[in-house]
Amino acid sequence: MTKADLADKVSEGLSCTKNEAFDLVELTLETLKEAIAKEGHVKITGFGNFVVKQKAARRGRNPQTGDEITITPRKILTFKASQVLKERINQG
């Protein structure tokens, strides 16, 4: 599913134009991005949790040459689905 598909669904559900629905989807996603970047987490009840985690520097190996390298510390984004979403997915 793409942003355009989401906008189509929103347009149908709200009986608004596709352009208005697309703007609403864009605004929602931008708000999520800003909140995740600023707060480090976003919880959407019935959907799941987005959490930014810090990974420490670690030793790694270049698979082509076998040389040891240091992998730099970085932040990663994780998502954990809510129980409601997990149940919905597993309904088949």
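Reader: Hello! Why is F50 called buried?

Author: Welcome! F50 has a relative accessible area of 18%. Buried means under 20% relative accessible area, exposed means over 50%, and partly exposed is in between, with a 1.4 Å probe and protein chains only. The value of 18% is under 20%, so F50 is buried.

Reader: What kind of model is this, and how are its residues numbered?

Author: This is a predicted model, in which local features need pLDDT of at least 70 and side-chain atom pairs count only at pLDDT 80 or more, while totals for chains, interfaces and linings use all residues. Residues are numbered from 1 along each chain as its sequence is written, and side-chain values use heavy atoms, with hydrogens and water left out.

Reader: What makes F50 and F79 a tilted aromatic pair?

Author: A search of the whole structure finds 3 aromatic pairs. In the pair of F50 and F79, the ring centres are 4.8 Å apart and the planes make an angle of 45°. Rings of Phe, Tyr and Trp (its six-membered ring) pair if their centres lie within 6.5 Å; planes under 30 degrees apart count as stacked, over 60 as edge-to-face and the rest as tilted. A distance of 4.8 Å is within 6.5 Å, and 45° is neither under 30 nor over 60, so the pair is tilted.

Reader: Where in the chain do F50 and F79 lie?

Author: F50 is in strand β2 and F79 in strand β5, 29 residues apart, and the pair links distant parts of the chain. F47, F50 and F79 form one aromatic cluster.

Reader: Why is F79 called partly exposed?

Author: F79 has a relative accessible area of 39%. That is neither under 20% nor over 50%, so F79 is partly exposed.

Reader: How do you know that β1 and β2 pair?

Author: Two strands pair if DSSP finds at least two bridges between them. Helices (H or I, at least four residues) and strands (E, at least two) are themselves DSSP runs, numbered from the N terminus. β1 and strand β2 (residues 48-55) are joined in the antiparallel sense over 4 bridges, so they meet the rule of at least two. One of the bridge partnerships involves V42, whose partner in β2 is F50. The two strands form a hairpin with 3 residues between them, and G46 in the turn has a positive phi of about 85°.

Reader: What makes β1 an edge strand?

Author: Three strands form an open antiparallel sheet in the order β1-β2-β5. The edge strands are β1 (41-44) and β5, each of which pairs on one side only. The twist averages 20° from one strand to the next. Between β2 and β5 there are 8 bridges, and K55 has R74 as its bridge partner in β5.

Reader: Where does helix α2 lie relative to the sheet?

Author: Helix α2 lies across β1, β2 and β5, running at about 130° to β1. Such angles run from 0 to 180 degrees between N-to-C directions, with axes that are lines fitted to C-alpha atoms, for helices over the stretch in contact. Contact means heavy atoms within 4.5 Å.

Reader: Why do D8 and K18 count as a salt bridge?

Author: A salt bridge is a side-chain nitrogen of Lys or Arg within 4 Å of a carboxyl oxygen of Asp or Glu. For D8 and K18, the N to O distance is 3.7 Å, which is within 4 Å, so the pair is a salt bridge. D8 lies in helix α1 (residues 3-14) and K18 in helix α2 (residues 18-39), so the pair ties together parts that are 10 residues apart in sequence. K18, at 53% relative accessibility, is over 50% and so counts as exposed.

Reader: How many salt bridges are there in the structure?

Author: There are 5. Among them, K33 and E30 have their closest N and O atoms 3.1 Å apart; both lie in helix α2, 3 residues apart, about one turn of the helix. E68 and R61 meet at 3.4 Å, N to O. Salt bridges that share partners join R59, R61 and E68 into one network.

Reader: What makes S11 buried, and which residues does S11 touch?

Author: S11, in helix α1, has a relative accessible area of 11%, under 20%, so S11 is buried. Not counting residues up to four places away in sequence, S11 touches C16, T17, K18 and A21.
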